[in-house]
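Subject: Structure handover

Hello,

Here is the structure for you to look at. Please open it next to these notes.

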Amino acid sequence: SNVAVKTKGLIIGVSYAQSIAHATVDVQANVVVNAAGNVAIASDVDNTMASAVKVVSGFHPIIAAKFKRLVPGPAIGVAYGEANSNATTTIAAGAQIFGDSVSLSASDTNDFNVVTKAKIKGIKVPNLGNAFAVALSFVESDANVNVNGSVTARETDITIDASSIDLNND
């Protein structure tokens, strides 16, 4: 999943971004996988979510040139970001996996960014306004490999790997 919301505002700006990504592999009961070579069963999630706000008041070149005045008032920015990543690989009870080598994996790779900037620009004028910025980020990520069945590697070790990696969580 890839979601990016960017908002630029004069006096006020709000952004909301939500990204939900799930990958599931289920090898059901009584399934037999018998490979002459290598077996790799994987569930992978790549999840990117960005919510950004930039708000200004005070001196704004276009308004100052056209109307010969400053933009009074506050600069209020609110950014909200929500993301959920879930990768699950399951070998059910009664399932059988055979291979020269066997790899079972589940992975989440996340890049989350929620940021707000609010600014009063220009010359110092009494009561022009104040800047206020809030960034709210709610993220969850989990990766699971569940083995309830039988897994056999004839020539090498069995590899089981579950990982959740946050490249960025700002």
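Below is what was found in it, strand by strand.

One caveat comes early: this is a predicted model.

**Strands β1, β4 and β7**

Start with β1, which covers residues 2-10. It runs parallel to β4, residues 38-58, and nine bridges join the two. To find your place in this pairing, go to V3. Its bridge partner in β4 is M49.

β4 also pairs with β7, residues 101-121. The sense is again parallel, and the pairing runs over 21 bridges. Here K54 is a handy marker: its bridge partner in β7 is K117.

**The sheet β2-β5-β8**

Next comes an open sheet of three strands. The order is β2-β5-β8, and the pairing is parallel. β2 (12-27) and β8 (131-147) are the edge strands, so named since each pairs on one side only. Ignoring direction, neighbouring strands in this sheet are turned by 0 degrees against each other on average.

Look at the β2 and β5 pairing in detail. β5 spans residues 75-91, and 16 bridges join it to β2 in parallel. Within that pairing, H22 has N86 in β5 as its bridge partner.

**The sheet β3-β6-β9**

There is also an open sheet of three strands in the order β3-β6-β9. Its pairing is parallel too. The edges are β3 (32-34) and β9, and each of these pairs on one side only. On average, neighbouring strands here are turned by 5 degrees against each other, direction ignored.

β6 takes in residues 96-99 and pairs with β9 in the parallel sense. Four bridges make up that pairing. In it, G99 stands opposite A153 of β9.

**A closer look at T152**

T152 sits in β9, which covers residues 150-153. Is T152 buried, exposed or partly exposed? Its relative accessible area is 30%. Buried would need under 20% and exposed over 50%. T152 is therefore partly exposed.

Which residues does T152 touch, leaving out those up to four places away in sequence? They are I97, F98, G99, V102 and I158. F98 is 54 residues from T152 along the chain. Even so, the C-alpha atoms of F98 and T152 are separated by 4.9 Å. F98 falls within β6, residues 96-99, the strand that pairs with β9.

Please send any questions my way.

Best wishes

Technical notes: Residues numbered from 1 in each chain as written. Predicted model: local features only at pLDDT ≥ 70, side-chain atom pairs only at ≥ 80, totals over all residues. Heavy atoms only, no water. Pairing = 2+ DSSP bridges. Axes fitted to C-alpha atoms, helices over the stretch in contact; angles between N-to-C directions. Buried < 20%, exposed > 50% of the residue type's maximum accessible area, 1.4 Å probe, protein only. Contact = heavy atoms within 4.5 Å.
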